[in-house]
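Please read the following account alongside the sequence and the model. It goes from an annotated domain to a pocket, and then to one arginine.

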Amino acid sequence: MAYVRPTELLGQAEALVRREMAKYDPSHDWPHVDRVRKMALKIAQTMTPTPDLLVVELAALFHDLNGKYITSSSPSLSTLLSPLLSLSPVTSDQSALVLGIIPSISYTSELRLSSSVPSQWTWQSSCPELHAVQDADRLDAIGSIGIMRVSAYSGAKGRKLLEDEEMVKIGESAEGHFEEKLLKVRDRMKTVWGREEAEKRHQTMVHFLSDLERERESAL
């Protein structure tokens, strides 16, 4: 059955996300969310059987509302989203799945839950809706867009761009973040289409880092 997008519901969801993401730097802004939403739907439509596309779209739209920018005073995910997720045509099962997917999307969450709390990483290993959104979010973290995003985030956080002799820990610079995380993303993709696209974007980063090293050496 073709996916009929509930335009009124999604319009309200987009307005909420635009308002929330306007608080953040360009690495986690509305264009990032919109790219992830479109990519997640594209990935989902390559999967057999096709996941619940409404769940995919809503989870993708809301995926960063539980992200690295939340504070102790931030409303809970349920408090923020329940008014929207109670609207037609969202069912109670769909609402529960969206709220379950969002905290499981990020690379860091997967590593933490699957290794230190494996009992909290069970249904996630076979949830196609989660996998579509995960792969979309991870694709936006690597390749050319990923290079620009890690630079933007580093600038916003006052993090150095390049590694130097004063660095004592990988990840203290934008360059170090490639080794810490971004070069590992390719191996944690879940879908066939996502893995194929991740390989292309991985090579973009490899070439970039090679050129970066050549340029640094040319200044010595």
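**Domain, pocket and a buried arginine**

The unreviewed UniProt entry places the feature "domain: HD/PDEase" at residues 25-151. The model shown here is predicted. Over residues 25-151 the chain is 59% helix and 0% strand. The C-alpha atoms at the two ends of this stretch are 11 Å apart.

The next topic is the space left open by the fold. The largest pocket has a volume of about 750 Å³. It is lined by 32 residues, of which His28, Lys68, Ser106, Thr108 and Lys181 are the closest to its centre. Four helices each give two or more residues to this lining: H6 (107-116), H7 (128-139), H8 (143-157) and H9 (174-180). By residue class, the lining of the largest pocket divides into 12 polar, 11 nonpolar and 9 charged residues.

What does the side chain of Arg201 make a polar contact with? Arg201 belongs to helix H10, which covers residues 192-218. Its relative accessibility is 16%. Buried means under 20%, so Arg201 counts as buried. The polar contact of its side chain is with the side chain of Glu197, at 2.8 Å.

Arg201 also has neighbours further along the chain. Leaving out residues up to four places away in sequence, Arg201 touches Met39, Leu139, Asp140, Ile142 and Gly143. Of these contacts, Leu139 is a residue of helix H7 (128-139) and Gly143 a residue of helix H8 (143-157).

Technical notes:
Residues are numbered from 1 along each chain as its sequence is written. This is a predicted model: local features need pLDDT of at least 70, side-chain atom pairs count only at pLDDT 80 or more; totals for chains, interfaces and linings use all residues. Side-chain values use heavy atoms; hydrogens and water are left out. UniProt positions are given in the numbering used here, feature names are shortened, and annotations may be inferred rather than shown by experiment. On a 1 Å grid over the protein atoms alone, a cavity is a set of points where a 1.4 Å probe fits but cannot get out, and a pocket is an open set with protein on both sides within 12 Å along at least five of seven lines; lining residues have an atom within 4 Å of a point. Grid points are joined across faces, edges and corners, and a volume is the space filled by probe spheres set on the points. Ala, Val, Leu, Ile, Met, Phe, Trp, Tyr, Cys and Pro count as nonpolar, Asp, Glu, Lys and Arg as charged, and the others, Gly among them, as polar. Buried means under 20% relative accessible area, exposed over 50%, partly exposed in between (1.4 Å probe, protein chains only). A polar contact is a pair of N or O atoms within 3.5 Å; within protein, one must be able to donate a hydrogen and the other to accept it, and residues adjacent in sequence count only if both atoms are side-chain atoms. Contact means heavy atoms within 4.5 Å.
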